[in-house]
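Please work through the exercises below with the sequence and the model open side by side, and try each task before reading its solution.

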Amino acid sequence: MSLQPEDPFVRVVLLNYNGGELILRAVAAAAATEWPQNRIQIVCVDNGSSDGSVDEIASKYPDVHIVRNGRNLGFPGNNVAMEDLEGVDYVALVNSDAFVEPNWLRKLVTRAEADRTLGAVCPKILFTGEFVGFRVDLRGTSNSSPQMIRLRSLTVNGRDEFGRCHVARGGGRSSDSEGIFEWIADGSILRFPIATDFENDSIVLKVGLQIDDACEVTIGGTTAQFVGAREQQTVSFVIDQIPQRVAVLNNVGSWIDHSWTGHERGLFMVDDGEFDRPMEVGAWCGAAVLLRSSMLEDIGLFDDAYFLYYEDTDLAVRGRERGWRYMTEPTSRVFHDHSSSTVEGSELAAFHIERNRLMFAVRHAPSGVAINVLWRFLLVTASYTLSELRRAVRESRRFDGTVVFRRLHSLFGFVRELPNALRVRKSLSRRRLVSDRELAEAILMGGASSGSKGD
């Protein structure tokens with residue numbers, strides 16, 4: 001398929017907040033987009049950066065339009081570049097830590113032009129770089145094996161890679177009073193990026209683990225003994241068998257489950273071709289997406305109340321409620337330095353994810369489902385409280401309320417937003433074009449072949 005001689009006009013929007021070298025690379029990649037120069041506008045929206053990055057962009061890329069918000073408006077800061085869409089056919093959002101290929105845009109627009117009911121088209125978003133991965137096996141030295149252990153640090157041949165590593169089949173990133181950690185289960189896959197010119201015969205992994213019960217930990221065939229202790233224990237694993245490097249998926253469209261939790265299709269999965277077929281999906285990810293301007297004019301822009309996380313999912317569902325559809329176009333590729341701007345697992349991220357999911361459910365879910373989501377949140381918070389109390393008594397130490405207080409902080413934040421969320425719910429319900437059942441089926445699209453943790 002090819003476009004008409006008069007290509008659609010596209011506005012590419014990159015949001016910056018102290019993006020440093022990453023935003024410069026992202027702008028450079030966007031500026032190299034293969035598209036008629038008179039039919040594209042690149043806009044950098046700055047959320048009050050103090051690192052000088054926006055001034056450097058203005059100096060190096062005079063054709064890039066700069067919008068200075070003056071303060072941090074969160075992800076909805078993108079709105080200032082989307083308020084006036086006269087003459088704009090599509091808006092393409094690109095994260096400040098995402099890097100597009102030269103032909104990314106043509107592939108997305110071609111897909112969108114083939115079907116006017118499509119409100120958004122999603123590229124294939126991959127984590128930047130190539131990765132190697134090792135299976136982690138846990139074996140208890142007592143009668144029971146540990147269900148989960150905490151990974152708190154990781155160096156690869158002396159280089160700190162904790163920020164860029166990920167755990168497939170694990171429990172995700174979280175944080176407590178001792179900082180950010182990654183949950184690892186028996187059978188998890190620990191992956192980290194490796195340089196393309198890496199030629200060593202072995203890899204030395206130095207991992208900091210926190211394990212409550214004594215156990216053996218095997219990574220890549222190498223086993224180390226750990227005693228159960230509250231303190232972090234650091235051990236080196238020398239691995240001689242280095243597996244093949246792989247590309248790892250971040251997102252190929254999104255979907256929303258029955259608990260109104262958003263998921264990224266393909267997250268942490270090896271890019272082996274499974275997601276190479278274009279298909280309709282329930283939602284999209286704001287890290288990189290093509291949005292039809294007429295859809296934005298129909299449903300509005302990002303809601304300021306979210307600030308960070310779920311603002312893209314909310315907008316996607318608002319589109320679904322009006323009958324708009326979303327497709328993936330996996331031949332369009334974008335590379336993402338995930339969570340370089342907002343640290344995954346941090347207190348900031350956790351607060352907004354937990355508060356915003358509750359707010360999101362109240363705005364869109366059937367009333368019974370929304371009540372159940374809130375009730376389950378309260379039960380899980382109570383479970384965390386009891387579990388930590390038992391652990392504190394067993395280990396004769398003070399109660400660590402970091403996770404509990406964080407969840408309560410999110411709950412109180414949700415309660416403050418509840419009156420507005422109910423007003424928005426009423427307003428959206430008046431404009432709905434689909435039933436609850438139709439909406440539930442639509443937002444689940446793409447979920448059958450994906451998982452929240454990948455493999």
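The exercises that follow concern a predicted model and deal with a helix, the nonpolar cores and the cysteines.

**Exercise 1.** Determine how helix α8 runs and what its buried residues pack against.

*Solution.* Begin with the length: α8 covers residues 402-431, which makes 30 residues, and its first and last C-alpha atoms lie 41 Å apart, close to the 44 Å expected at 1.5 Å a residue. Next, follow the axis, which bends by about 50° at L418, with the proline P419 following within four residues. Then look for the buried positions, among them V403, R406, F414, V424 and L428. Finally, trace the partners of the buried residues in α8, which are β11 (172-176), α5 (311-321), α6 and α7 (367-394).

**Exercise 2.** Find the largest nonpolar core and the element that gives the largest share of this core.

*Solution.* The largest core holds 50 residues, and those with the most contacts inside it include V91, W260, W284 and Y326. Sorting this core by element then shows that helix α6 (residues 347-364) contributes the largest share, 5 residues. A second core, separate from the largest one, has 36 residues, including F99 and V121.

**Exercise 3.** Explain why C122 forms no disulfide with C285, and establish how C44 is placed.

*Solution.* A search of the whole structure finds 0 disulfides. For C44, the nearest cysteine sulfur is that of C285, 19 Å away. The closest cysteine sulfur to that of C122 also belongs to C285 and is 8.4 Å away, which is too far for a bond because a disulfide requires sulfur atoms within 2.5 Å. As for accessibility, C44 counts as buried because its relative accessibility is 0%, and C122 counts as buried at 1%.

Terms used:
Residues are numbered from 1 along each chain as its sequence is written. This is a predicted model: local features need pLDDT of at least 70, side-chain atom pairs count only at pLDDT 80 or more; totals for chains, interfaces and linings use all residues. Side-chain values use heavy atoms; hydrogens and water are left out. A nonpolar core is a set of buried Ala, Val, Leu, Ile, Met, Phe, Trp, Tyr and Cys residues joined through side-chain atoms within 4.5 Å. Buried means under 20% relative accessible area, exposed over 50%, partly exposed in between (1.4 Å probe, protein chains only). Helices (H or I, at least four residues) and strands (E, at least two) are DSSP runs, numbered from the N terminus. The expected span of a helix is 1.5 Å times one less than its number of residues. The bend at a residue is the angle between axes fitted to the seven residues ending there and the seven starting there. Contact means heavy atoms within 4.5 Å.
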